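Reader: I am new to this structure and would like a close look at one part of it. Please take me through the sheet and what packs around it.

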Amino acid sequence: MTCSNFTPFFSCSLRFPSFKAKRSRRPATAINPSRIGLPSVRAARRRPFRSGFRATRGICYASQAVELLPALCPEIVVRDARLEDCWEVADTHCGSFFPGYKFPLDLVLRIDRYIALLSGFTVPPGCMRTCLVAVNSNSVNNTFDVECGDAGDADFQNYALSTGSIAGILTVDTVADYLPRRGHLKQRRTGIAYIANVAVRKEERRKGIAKMLVQEAEARARSWGCRSMALHCDVNNIAALRLYKNQGFKCIRVPEGARWPEPKIAEGVRYSFMMKLVPKT
């Protein structure tokens, strides 16, 4: 719903009455921002849901990154990304969020994402970041080597890059780049894990992979001692909103006029800021 950092990957709550009961006019409940360390948003106005609303597709096709009808897929294993996975992670990200790019722009974008992923392993002191990958154990894994320098030199390096096994990706961190700063000193917020870059390959969708990635990210946030999780989701991405709400995320009403940081993938894309409390085991 980020998604970063890698630039992401990130409403109205509906309550459907039963056929026998009368329609409830009481608004749906939302998370109190004061409980998760965010400023009060009482002055924000809630926009009513219009029955004739239809979602429009934006430039960033994040709707391709989630499943409408997830199912169990035992051959999928979620683990931390390795160095040899970086190229395929970049390819999965670009193929899901920017499918309309053609050569040579698509290659340039993949190289840019590849470099950003390699540099993303360094984080500020006290922060955590990891890239999770969903690996399909039944797929054919092809590996090719990239050689840097002369084989006879002492600084010769050989890199192995894998292709064909990554089904989905997700990044989670505590860097708080896309969270509102705290106080007059604009201090970085702590204790909140941020999810971004949730993407699933087209041929691997409707297998519950995005759900597995989000659940594993929650487990990582819990192990880091985070009390809550946050993400940004395209407001027109109904499938992604449904996925995150089913995982316990709630839409946070941003105060009118507030300049909270947001991902910048393309102009015209509006995001819904969502959070959930991390349950204690």
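In what order do the seven strands of the open sheet come, and is the pairing mixed?Author: The order is β1-β2-β5-β6-β7-β9-β8, and the pairing is mixed. This is a predicted model, so every statement here describes a prediction. The edge strands are β1 (76-80) and β8 (250-251), each of which pairs on one side only. Helix α1 (residues 86-97) packs on this sheet. Helix α1 touches β2 (129-136), β5 and β6, and its direction makes about 75 degrees with that of β6.

Some background on the whole chain helps here. The chain has four helices and nine strands. From the N terminus, its elements run β-α-α-β-β-β-β-β-α-β-α-β-β. Of its 281 residues, 43% are buried.

Now take β6. Nine of its nine residues are buried, so the strand counts as mostly covered. On one side, β6 (residues 192-200) meets β5 (residues 166-173). These two strands run antiparallel and are joined by five bridges. Two of the partnerships can be named. Val172 has Ile195 of β6 as its bridge partner. Ile169 has Ala199 of β6 as its partner.

β6 also pairs with β7. Here the sense is parallel, over three bridges. Ala193 stands opposite Met229 in β7. Tyr194 stands opposite Ala230 in β7. To get from β6 to β7, the chain passes through helix α3 (residues 209-223). This β-α-β crossover is right-handed.

Strand β7 deserves a stop of its own. It spans residues 228-234, and seven of its seven residues are buried. In a regular strand, side chains alternate between the two faces of the sheet. Both faces of β7 are covered. On one side, Ser228, Ala230, His232 and Asp234 are buried. On the other side, Met229, Leu231 and Cys233 are buried.

β7 has a further pairing, with β9 (residues 271-277). That pairing is antiparallel and runs over seven bridges. Ala230 has Met275 of β9 as its bridge partner.

Cys233 raises a side issue. The relative accessibility of Cys233 is 0%, and therefore Cys233 counts as buried. The closest cysteine sulfur to that of Cys233 is in Cys251, 8.2 Å away. That is too far for a bond, because a disulfide needs the two sulfur atoms within 2.5 Å. The structure as a whole holds zero disulfides. Another cysteine, Cys94, is also at 0% relative accessibility and counts as buried.

Next come the helices. α3 has 15 residues. From its first C-alpha to its last, α3 reaches 21 Å, close to the 21 Å expected at 1.5 Å a residue. Its buried residues are Ile209, Ala210, Leu213, Val214, Ala217, Glu218, Arg220 and Ala221. Just after α3 comes Gly225, with a positive phi of about 85 degrees.

Then there is α4 (238-246). Within α4, Ala239, Ala240, Leu241, Leu243 and Tyr244 are buried. The buried residues of α4 pack against β6, α3, β7 and β9. After α4 comes Gly248, whose phi is also positive, near 100 degrees.

The last stop is Gln247, in the loop between α4 and β8. Its relative accessible area is 13%, so Gln247 counts as buried. Beyond its neighbours within four places in sequence, Gln247 is in contact with Lys211, Val214, Gln215 and Lys276. One of these, Val214, is among the buried residues of α3.

Key. Residues are numbered from 1 along each chain as its sequence is written. This is a predicted model: local features need pLDDT of at least 70, side-chain atom pairs count only at pLDDT 80 or more; totals for chains, interfaces and linings use all residues. Side-chain values use heavy atoms; hydrogens and water are left out. Buried means under 20% relative accessible area, exposed over 50%, partly exposed in between (1.4 Å probe, protein chains only). Two strands pair if DSSP finds at least two bridges between them. Contact means heavy atoms within 4.5 Å. Axes are lines fitted to C-alpha atoms, for helices over the stretch in contact, and angles run from 0 to 180 degrees between N-to-C directions. A crossover is right-handed if, with the strands pointing away from the viewer, the path from the first strand over the helix to the second runs clockwise. The expected span of a helix is 1.5 Å times one less than its number of residues.
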